[in-house]
Amino acid sequence: MSDTNKQSSKTLFGMKRLHAFILVALTAILLPIAGAVIYVTTAILPKVPPIDAVTDYRPKIPLRIYTADNVLIGQFGVEHRDFVPIAKIPAMMKSAVLAIEDTRFYEHGGIDFIRALGAARANLRGGFRQGASTITMQVARNFFLTNEKTLARKFTEIALAYKIEDSLTKDQILELYMNQIYLGQRSYGFSSAARSYYGKTLDQLTLAETAMLAGLPQNPARTNPVSNPKRAQARQHAILKRLLELGEIDEARYRQALAEPLRVKRDAGQSFDTRAEYVAELARQTVFQQFGEESYTRGITVTTTILAAEQNAAYDSVRRNVLAYDGRHGYRGPEARVELPPDAEEREEAIVDALQKRPSSDGLLPAVVLKASSEAVLVDTLSGEDITIRGAGLKFAAAALSSKARESVKITPGAVIRISKDKDGDWAITQVPQVAAAFVAIDADTGAYHALVGGFDYNLQKFNHVTQAWRQPGSSIKPFVYSAALEKGYSPTTRILDQPIELPGATLETPWTPQNDDGVFDGEVTLRQALVKSKNVPTVRVLRAVSVEFAHQYLEHFGFDLARHPKNYTMALGTGAVTPLQLAGGYAVFANGGYRVKPYLIARIQDGNGAVILEARPPQAKDEASRAVTARNAFVVDSMLRDVARFGTAAGATKQLGRQDLAGKTGTTNDAVDGWFAGYAGNVVAVSWMGYDEPRSLGGREFGSTLAMPIWIDYMRVALAKVPPVERTPPEDVVHDGDDWIYPEFIDAGETRTIDIEQAPVEQPLDLPPGSQEVPPDASPFDERPAIEALPPMVPPPAPPPAPTPPPPNPPAQNTLW
């Protein structure tokens, strides 16, 4: 064979081999593709779920609670989400997200093959790691799939992406993504994340903050700025660099954003401009009773009757006055102690661990002491800030810094303490109070809540003392006893013997001998004077005169639970049990002219579309169907309660607020276990209370006027700021009895002119003309017995009272006391 033929044969053989190789290669390529196509067509596509969830998107919007003036005070739901239309999302927020997640989003059809290749090349080179999933693919995964890494899931994701692209516009897809994506801290969507991490709306974010949020979708746990600030900042810087590369920002803005300090909320989560956690929880319970678990996903909004300014005043007043009480009773020592390792990194971990265990409380920062002396204390906080406290900031804990301090109280390195800023912005040592408090204010005519504070701090205790705490009301119950006496014919001018009295006690050997708080007996007092000066013994005598049975039953007119009040003489001194809310409802009867009100909180409930589901209809004011006592009864008791606020135990309120239409009554139980103030003005009824959850004395020099009344005054200063004083018009069915009032049918009834007084009245009048006295200028606003010197002098009876009759040899069949 010639060389030429041999060469041709080799060439032909080579070509055949090449063709065979190409055929095998094509077969090797096409067969998997064909297999994949068959697999996708037969196994994947039939199982691709319908995309109704995105074409008919209904986000899980949480339950939101608002004040009457539209201030958000509560949000409840597994997913915290604010749905924001794409048109209202700031352009920079969209640019930052697309820059790092899907630069070619508006160009590809759901799958970005160029980006996939670029991501693979960048990852192989060790640069900033990028994924190949587009925004559309992430929407498909978030709505329909899990994060498992299988071939079937990836094929399904791709199929869904094409389906979504075919059904929605690009803006609709981006809108879904930016409202649905999880970004840590229970926040879904960028608007919710902006509130959680920065306490801002999207349009309030800086460029640096925008970039920080844009870095969260990749891995909200790993790049969380609260738990992993270094990784979060690295991601933030990469996004800023990408924005610079894409021409979205210039060099100056890039440098400025890089230099901006990382400032996120350490308590990243829910926070509201108005502190009303107890209110929000009450509203949540009401909605949940009606809608169950759907309450947290339907986007229901609740509008309460709470007024934001008054709620703020109530919250601030409770905290300020509880801290003031706590400050009067001394420093108790550190909350805990922690060992401080010598190694700096280990020491930091120990400090963070110790501080994270301490419950947060508004303005009371937990801190670990690093150095301590009588001149200065250096502490470290959870944010890593070292703070030195000096001078006046050490005053409260000065005894604990002494070398003679007990070990349990002493402040030493490793001690966990609380610090706060004073009015001048300087740091000071403080502590979390142990005492509890409550405050509630309602509309006197309708019962609508104006403000409610169920305790010192909801974070520390969820128990709502306004609605759940049953406590002895002490002297704040007395107006209701006197109201009962009016119906028996007694009047403010009725003279009562104020001398020691002995009544049957638990046993024959131990009679009950009630005492006046001040230990002073004035001989004779009028009924008005007895209430103004909060006299115990005269009140017991009044109760005995009207009968325990009648007065006990009479309490029901005001909404009190009769089963919680003793059916004996101690009832006159408030040994029963009421809640602050119940007491507010009782005083509302005197404030509104004699009508019973039912306190209510929710004004309106709307669904996610804004349709009204429920709307409260406030009761008609002055509806005779809800009358509790006569108009004349309410008027006369009101006149006496106004004198309490002018001349009696509540005179500090009039002096502080400078108005003459205040009415109210202090209450202090035995051993000062509970301190109360209940009162009203300007159609607002408010009750404040202070005490320990485990009942114990609040202190020998503490009274309702030092504990609860300051809370009431601080609130009323705001609530009444624009409300003019209101004077009451006397009803037609009361007449003058000298300078006071009496029911006309009893004006000639001698038997109701005195109680336990046998002698004829002395010539000098003993009643207190309403409004005829002035509060002494030097009277303390928080003295339990201020201005009593301004009352007309008491005239003792001409002869001493007869000695108590000794008990009979055999006990009576029934004992009205026990």
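Two strands count as paired when DSSP finds at least two bridges between them. Strands E12 (residues 436-443) and E13 pass that test, with 4 bridges joining them in an antiparallel arrangement. Keep in mind throughout that this is a predicted model.

Let's stay with that pair for a moment. Across from valine 440 you'll find leucine 452 of E13. The two strands make a hairpin with 5 residues between them, and in that hairpin glycine 447 takes a positive phi near 90 degrees. How much of strand E13 is covered? Strand E13 (residues 449-453) is mostly covered, with 5 of its 5 residues buried.

Part of the surroundings of this hairpin shows up when you look from glutamine 311, which sits in helix H13 (residues 308-328). Leaving aside residues up to four places away in sequence, glutamine 311 touches His450, Ala451, Leu452 and Val453, along with Thr274, Arg275, Ala276, Val279 and Ile306. Leu452, the residue opposite valine 440, is thus also one of the contacts of glutamine 311. Glutamine 311 and alanine 441 are 130 residues apart in sequence, yet 9.1 Å apart in space, C-alpha to C-alpha. Is glutamine 311 buried or exposed? Its relative accessibility is 1%, so it counts as buried.

Now step back to the whole protein. Its secondary structure comes to 24 helices and 25 strands. Buried residues make up 51% of the 818 residues. If you take contacts between residues at least 6 apart in sequence, 71% of them join residues at least 24 apart. The link between glutamine 311 and His450 gives you a feel for that kind of contact.

Next, have a look at arginine 418, in strand E10 (residues 415-421). Arginine 418 has 1% relative accessibility and therefore counts as buried. What do the polar atoms of its side chain find there? One polar atom of the arginine 418 side chain lies 2.8 Å from the backbone oxygen of proline 359. The backbone oxygen of leucine 364 also has a polar atom of that side chain at 2.9 Å. So here is a charged side chain, buried because its accessibility is under 20%, with backbone oxygens at those two distances.

Over to the helices. Helix H8 (residues 190-198) packs against helix H9 (residues 207-214) at an angle of about 115 degrees, and the two axes are 11 Å apart. The crossing of H8 and H9 is right-handed. On the H8 side, the contact uses Phe190, Ala193, Ala194, Tyr197 and Tyr198, which meet Glu209, Met212, Leu213 and Ala214 of H9. Those residues divide into 8 nonpolar, no polar and 1 charged. H9 itself is mostly covered, with 8 of its 8 residues buried. Glu209 is among the buried residues, as are Leu207 and Thr210. What covers the buried residues of H9? The cover includes H8, helix H3 (91-101), helix H10 (229-245) and helix H11 (251-259).

Further along the chain there's an open sheet of 3 strands, in the order E17-E14-E25, with mixed pairing. Its edge strands are E17 (523-526) and E25 (754-755), each pairing on one side only. Strand E14 (residues 495-498) runs parallel to E25, and 2 bridges join them. In one of these pairings, arginine 495 has threonine 754 of E25 as its bridge partner. Helix H18 packs on this sheet, touching E14, E17 and E25, and its direction makes about 125 degrees with that of E14.

Follow H18 to its end and you reach serine 547, in the loop between helix H18 (536-546) and helix H19 (548-554). Serine 547 is not a glycine, but its phi is positive, at about 90 degrees. Most residues other than glycine have a negative phi. With a relative accessible area of 28%, serine 547 is partly exposed.

Aspartate 671 makes a good companion case. Its phi is near 60 degrees, again a positive value in a residue other than glycine. Where does aspartate 671 lie? It is in the loop between strand E20 (663-668) and strand E21 (674-681). Aspartate 671 has 62% relative accessibility, so it counts as exposed.

Key:
Residues are numbered from 1 along each chain as its sequence is written. This is a predicted model: local features need pLDDT of at least 70, side-chain atom pairs count only at pLDDT 80 or more; totals for chains, interfaces and linings use all residues. Side-chain values use heavy atoms; hydrogens and water are left out. Buried means under 20% relative accessible area, exposed over 50%, partly exposed in between (1.4 Å probe, protein chains only). A polar contact is a pair of N or O atoms within 3.5 Å; within protein, one must be able to donate a hydrogen and the other to accept it, and residues adjacent in sequence count only if both atoms are side-chain atoms. Axes are lines fitted to C-alpha atoms, for helices over the stretch in contact, and angles run from 0 to 180 degrees between N-to-C directions. A crossing is left-handed if the near helix is turned anticlockwise from the far one by less than a right angle, and right-handed if clockwise. Contact means heavy atoms within 4.5 Å. Ala, Val, Leu, Ile, Met, Phe, Trp, Tyr, Cys and Pro count as nonpolar, Asp, Glu, Lys and Arg as charged, and the others, Gly among them, as polar.
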